[in-house]
Amino acid sequence: MSEVAVTSEELLAVLAAVGHAQRLRIIAELSGGRMYVSELARRLGVSRPLLYMHLERLEKAGLVAGNLELSEDGKALKYFELASFDLHVNIDTILAAVRADEAADDAAPSERAGGEAPAD
């Protein structure tokens with residue numbers, strides 16, 4: 001997460017992503033550099049399907065990025081690496097998220113009505 005204001009939904013996605021011990025272990029392993037899924041699964045001692053579930057949650061939160069590559073022998077390998085993020089949660093973060101929600105809610109009716117604000 002960067003200094004850009006996020007909505008409460010985005011903030012909750014990040015908090016949920018880091019709110020699991022296995023996902024924290026994944027982040028710790030990836031801190032050493034990118035890694036393909038099978039290697040990461042072996043290091044963590046988890047199945048690939050379970051690892052993919054956790055990686056998907058981290059990727060949706062913007063904390064990791066996946067990339068499919070072909071090896072020299074033609075095998076498809078899915079690599080993951082950490083995305084650049086700086087996570088700070090404080091009252092300012094929460095207030096900014098709520099304000100972003102309110103701004104989106106205020107803009108939504110005018111977008112649906114063809115650009116005109118509803119009459120009072």
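**Exercise 1. Determine how many aromatic pairs the model contains, and describe the geometry and location of what is found.**

Step 1. Under the rule that rings of Phe, Tyr and Trp (its six-membered ring) pair if their centres lie within 6.5 Å, with planes under 30 degrees apart counted as stacked, over 60 as edge-to-face and the rest as tilted, the count comes to one aromatic pair. The model is a predicted one, in which local features need pLDDT of at least 70 and side-chain atom pairs count only at pLDDT 80 or more, while totals for chains, interfaces and linings use all residues. Residues are numbered from 1 along each chain as its sequence is written, and side-chain values use heavy atoms, with hydrogens and water left out.

Step 2. The partners are Y36 and Y79, whose rings are 5.9 Å apart from centre to centre with 70° between the planes, which is an edge-to-face arrangement.

Step 3. Y36 belongs to strand β1 (residues 35-36) and Y79 to strand β3 (residues 76-82), and the pair thereby links distant parts of the chain, 43 residues apart. Helices (H or I, at least four residues) and strands (E, at least two) are DSSP runs, numbered from the N terminus.

Step 4. With buried meaning under 20% relative accessible area, exposed over 50%, and partly exposed in between (1.4 Å probe, protein chains only), Y36 is partly exposed at 24%, whereas Y79 is buried at 17%.

**Exercise 2. Identify which charged end sits over the ring of Y79.**

Step 1. A charge sits over a ring if NZ of Lys or CZ of Arg is within 6 Å of the ring centre and within 35 degrees of the ring normal.

Step 2. The residue is R34, whose charged end lies over the ring of Y79, 3.9 Å from its centre.

**Exercise 3. Trace the salt bridges made by R43 and by K60, stating where the partners lie.**

Step 1. Taking a salt bridge as a side-chain nitrogen of Lys or Arg within 4 Å of a carboxyl oxygen of Asp or Glu, a search of the whole structure finds four.

Step 2. R43 meets E29 at 3.4 Å, N to O; because E29 lies in helix α2 (residues 21-30) and R43 in helix α3 (residues 37-44), this pair ties together parts that are 14 residues apart in sequence.

Step 3. R43 also bridges to E39 at 3.0 Å, N to O, and these two are four residues apart in helix α3, about one helical turn.

Step 4. K60 and E56 form a further bridge, with the closest N and O atoms 3.3 Å apart, both residues lying in helix α4 (residues 48-60) at a separation of four residues. Salt bridges that share partners join E29, E39 and R43 into one network.
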